Amino acid sequence: MFDLIPFGRNERNLFNYLDNVERSFWDGSISNMAQFRCDVQDEGDSYLLEAELPGFEREDIGIDLDGTTLVITARHSSESGEKDKDGNYLRRERKFGSFSRSFDVSGVDTEHISAAYKNGVLELTLPKQAARVPQARRIEIAGE
């Protein structure tokens, strides 16, 4: 019953006000900064993973494999500044951002993963493990 408060009145709550201040400061994009967008397609004998990483250089992107976990990391850093004639800064700004996504690659032939990066899109080809067909064999019975 208390949740049925008209929209405008709920804004008078101090915590909601502070949340709105933070949202307006970050222009509502703080949640988008934590990750980058990825698509995974089943190509039959492999999976195609496409990660959108616009503005990154190839050297800024890392792909690590730890067992059955694939981790894609991208890092941005830049620095700009303006100095007066005496070499004192009038304005100096720095930016740094680090983004990371993890994927379970069990069922993938990790020895043959390939990657390409062009036009801001990282493409990973993840070949599926070949299905193992049990070989016919005779099982001996142990005993005396």
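# Notebook: strands, core and a ring pair

I started with contacts in the protein chain between residues at least 6 apart in sequence: 47% of them join residues at least 24 apart. A reminder to myself: this is a predicted model.

**Entry: the overall plan.** I counted two helices and seven strands in the protein chain. Reading along the sequence, I get the pattern α-α-β-β-β-β-β-β-β. I also looked up burial: buried residues make up 17% of the 144 residues in the protein chain.

**Entry: the four-stranded sheet.** In what order do the four strands of this open sheet stand? I read E1-E2-E7-E6, with antiparallel pairing. Strand E1 (38-42) and strand E6 (114-118) are at the edges with a single partner strand each, so one side of each has no neighbour in the sheet. On average, neighbouring strands here are turned by 15° against each other, direction ignored.

Next I went through the pairs. E1 and E2 run antiparallel and are joined by five bridges. Asp42 has Tyr47 in E2 as its bridge partner. E2 and E7 pair in the antiparallel sense over seven bridges, and there I found Tyr47 again, with Leu126 in E7 as its bridge partner. E6 and E7 are also antiparallel, over five bridges.

While I was at Tyr47, I checked what sits over its ring. The charged end of Lys128 does, 4.8 Å from the ring centre.

**Entry: the E6-E7 hairpin.** How many residues lie between E6 and E7 in their hairpin? I found two, and Asn119 in the turn has a positive phi of about 55°. Lys118 stands opposite Val121 in E7.

I then picked Ser114, which lies in strand E6. Ser114 is partly exposed, with a relative accessible area of 38%. Leaving aside neighbours within four places in sequence, I see Ser114 in contact with Glu123, Leu124 and Thr125. Ser114 and Thr125 are eleven residues apart in sequence, and their C-alpha atoms are 5.3 Å apart in space.

**Entry: the three-stranded sheet.** The other sheet I looked at is open too, with three strands in the order E3-E4-E5 and antiparallel pairing. E3 and E5 stand at the edges, each with a single partner strand, so one side of each is left free of a neighbour in the sheet. The average turn between neighbouring strands of this sheet is 15°, direction ignored. E4 and E5 pair in the antiparallel sense over 15 bridges. One residue I noted there is Lys83, whose bridge partner in E5 is Tyr89.

**Entry: Thr73.** I found Thr73 in strand E4. Is Thr73 buried or exposed? Thr73 has a relative accessible area of 13%; the cut-off for buried is under 20%, so Thr73 counts as buried. Setting aside neighbours within four places in sequence, Thr73 is in contact with Asp60, Ile61, Gly62, Ser98, Phe99 and Ser100.

**Entry: the ring pair.** Phe99 made me look for aromatic pairs, and a search of the whole structure finds one. The partners are Phe56 and Phe99, with ring centres 5.9 Å apart and planes at 90°, so I noted the pair as edge-to-face. Which parts does the pair tie together? Phe56 lies in the loop between strand E2 (46-52) and strand E3 (61-66), and Phe99 in strand E5 (residues 89-104), so the pair links parts that are 43 residues apart in sequence. I checked burial as well, and both Phe56 and Phe99 are buried.

**Entry: the nonpolar core.** A background note first: in soluble globular proteins, nonpolar side chains tend to be buried together. Here I looked at the largest nonpolar core, which has 17 residues. Which of its residues touch the most other members? I listed Leu49, Leu53, Phe56, Ile61, Ile72 and Leu122. The elements giving two or more residues to this core are E2, strand E4 (69-83), E5 and strand E7 (121-127).

I finished with Leu122. Leaving aside its neighbours within four places in sequence, Leu122 is in contact with Leu49, Glu50, Ala51, Leu53, Ile61, Ile63, Ile72, Ala115, Ala116 and Tyr117.

Conventions. Residues numbered from 1 in each chain as written. Predicted model: local features only at pLDDT ≥ 70, side-chain atom pairs only at ≥ 80, totals over all residues. Heavy atoms only, no water. Phe/Tyr/Trp six-rings, centres within 6.5 Å; stacked < 30°, edge-to-face > 60°. Buried < 20%, exposed > 50% of the residue type's maximum accessible area, 1.4 Å probe, protein only. Lys NZ or Arg CZ within 6 Å of the ring centre and 35° of its normal. Core = buried A, V, L, I, M, F, W, Y, C linked by side-chain atoms within 4.5 Å. Contact = heavy atoms within 4.5 Å. Pairing = 2+ DSSP bridges. Axes fitted to C-alpha atoms, helices over the stretch in contact; angles between N-to-C directions.
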